[in-house]
Amino acid sequence: MQKKYPLVFSVTSLFVLLGILFIPFPFQLIGFQQRLTDFLFGPLIHIVADVFLGIQLKNTNVHSDSVSMYVLVLILFVLSVIIVLLLQYVKKWKEYRDKIFHGIYLLACYYLLLLLLKYGLDKIFKSQFYLPEPNTLYTPLGQIDKDLLYWTSMGTSRFYNICTGAVEVLASLFLFFKRTRMAGILLAAAAMVQVALINFGFDISVKLYSLFLLFLSVYLLYPFYKRLWQFFVVQKEAIPPVAKGPVLFKHPFWSVFIKWLAMGFIFLEALYPYIKANNFNDDMAKRPYLHGAYKVQQLISGTDTLTGNDLPVKRFFIHRNGYMIFQDAADNMQDYRFSYDKAEELYVLTDYQQHKTAMAIQYQKADSTITLQYKKEGRETIMTGKALDWRKLPVLQKSFHWTVD
């Protein structure tokens with residue numbers, strides 16, 4: 001007897017499959033997913049946005065919370081509905097749909113497992129909520145955007161990161177085993193609710209993707225909804241077990257082999273960045289040469305020498321990602337991308353208009369002073385700064401108090 005599936009479930013399953021395949025995520029081992037999505041859906045995204053939504057897109061590349069991503073999700077949903085309706089007229093569909101739906105369910109389970117493991121390890125190894133950069137620490141609180149403020153706060157506590165990361169890793173491990181899968185899905189759903197609330201509450205630009213992962217968690221609960229209803233609402237003691245899904249492979253060897261092969265790929269994908277960088281605690285990772293914060297002591301521009309309150313720049317910072325940032329007297333920040341010219345022994349600063357400035361840098365280790373020499377508006381300029389011990393700021397101290405008195 002053929003099992004009947006509601007239309008909503010069929011459309012949901014197809015949408016889950018298409019979402020997993022084509023909603024881009026920065027994977028390490030399957031980086032082609034982004035290029036594949038842009039190639040297959042780029043022109044269609046442009047047409048749908050222009051003709052049906054009246055939106056002119058300059059770029060149809062799909063990335064987090066972009067208009068292109070919202071249009072892509074709409075396209076995938078419509079495609080899911082069309083495919084399900086067309087499959088009703090395919091004779092072989094009813095014969096194989098049990099296995100197909102079961103395969104999609106398992107794929108969704110392992111996909112969520114991978115994302116939870118990846119995000120969990122990112123927290124444990126301090127890769128997601130990293131230690132705040134010096135320029136952020138010296139930015140007045142009221143001038144920090146909410147998303148950066150949240151990121152900065154989370155980055156100051158390794159204990160919190162380890163705890164929240166451990167919950168996500170535990171949920172991912174529970175998802176792998178059938179006996180603990182329901183507990184894993186419930187943990188995952190709770191984690192995804194929190195993530196979605198944070199993304200919306202702090203305006204973090206992963207809103208749509210976090211909703212998709214929450215949607216996956218709810219979808220995976222479908223086989224357990226009767227047990228959950230009986231346990232939490234009806235409060236019956238006798239809870240029938242979930243029926244086993246169809247066998248995908250005749251020989252049990254292939255089921256076990258593919259299961260552990262998938263798990264090996266998942267762990268490799270999640271751990272690869274840390275193994276490659278040999279970095280398992282980003283707080284202690286080596287920073288670039290001269291990385292840090294510097295207080296400007298003197299500025300010589302042509303024949304003028306400025307100090308104290310007359311200085312137009314009060315601090316400058318060397319960012320770990322290759323940026324030099326200047327903070328003026330009003331706390332406004334101006335950043336430049338920089339590279340090192342080994343032949344000339346110069347730093348080359350590049351602004352957003354692609355204008356380049358050559359800058360000679362001299363560092364005196366004895367008194368932790370740095371001298372920047374460059375030309376500004378045709379005038380020879382020399383800026384001298386002294387290193388600030390930014391790691392001793394109160395927000396980075398490992399303080400804990402049981403009592404308040």
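**Exercise 1. Is W93 buried or exposed, and how does its ring sit against that of F101?**

Start with accessibility. W93 has 8% relative accessibility and therefore counts as buried; the cut-offs are under 20% relative accessible area for buried, over 50% for exposed, and partly exposed in between, using a 1.4 Å probe and protein chains only. F101 is buried as well, at a relative accessible area of 3%.

Before going on, a note on the model: it is predicted, so local features need pLDDT of at least 70 and side-chain atom pairs count only at pLDDT 80 or more, while totals for chains, interfaces and linings use all residues. Residues are numbered from 1 along each chain as its sequence is written, and side-chain values use heavy atoms, with hydrogens and water left out.

Now the rings. The structure holds 31 aromatic pairs. Rings of Phe, Tyr and Trp (its six-membered ring) pair if their centres lie within 6.5 Å; planes under 30 degrees apart are stacked, over 60 edge-to-face, and the rest tilted. For W93 and F101 the centres are 5.5 Å apart and the planes meet at 85°, so this pair is edge-to-face.

**Exercise 2. Which parts of the chain does the pair F125 and F280 tie together?**

First classify the pair. The ring centres of F125 and F280 are 5.4 Å apart with planes at 80°, so the pair is edge-to-face.

Next, place the residues. F125 lies in the loop between α4 (93–124) and α5 (134–137), and F280 in the loop between α11 (252–277) and β1 (292–301), so the pair ties together parts that are 155 residues apart in sequence. Those element names come from DSSP runs numbered from the N terminus: helices are H or I with at least four residues, strands E with at least two.

Finally, check accessibility. F125 is at 14% and counts as buried, whereas F280 is at 37% and counts as partly exposed.

**Exercise 3. Find the ring cluster, and then the charges that sit over rings.**

For the cluster, follow the ring pairs: they link F15, F25, F27, F77, Y111, Y119, Y209, F212 and F215.

For the charges, the test is that NZ of Lys or CZ of Arg is within 6 Å of the ring centre and within 35 degrees of the ring normal. K259 has its charged end over the ring of F176, 4.8 Å from the centre. R337 lies over the face of Y323, with 4.7 Å to the ring centre.

**Exercise 4. At what angle do α1 and α9 pack, and at what angle do α4 and α8?**

Take α1 (residues 7–22) and α9 (residues 207–220). Their axes are 11 Å apart and the angle is about 135°. That makes α1 oblique to α9: under 35 degrees would be roughly parallel, over 145 roughly antiparallel, 65 to 115 roughly perpendicular, and the rest is oblique. Axes here are lines fitted to C-alpha atoms, for helices over the stretch in contact, and angles run from 0 to 180 degrees between N-to-C directions.

The crossing of α1 and α9 is left-handed, meaning the near helix is turned anticlockwise from the far one by less than a right angle (clockwise would be right-handed).

Then take α4 and α8 (residues 181–201). The angle is about 55° and the axes are 12 Å apart, so these two are oblique to each other. Their crossing is left-handed.

**Exercise 5. Where are D65 and N278, and what is the sign of phi in each?**

Background first: most residues other than glycine have a negative phi.

D65 has a phi near 55°, a positive value in a residue other than glycine. D65 sits in the loop between α2 (32–52) and α3 and, at 18% relative accessibility, counts as buried.

N278 has a phi near 50°, also positive. N278 is in the loop between α11 and β1, and at 62% relative accessibility it counts as exposed.

**Exercise 6. How many disulfides does the structure hold?**

Apply the cut-off: a disulfide is a pair of cysteine sulfur atoms within 2.5 Å. The count is zero.

Two cysteines are worth a look for accessibility. C109 is buried at 0% relative accessibility, while C163 is partly exposed at 35%.
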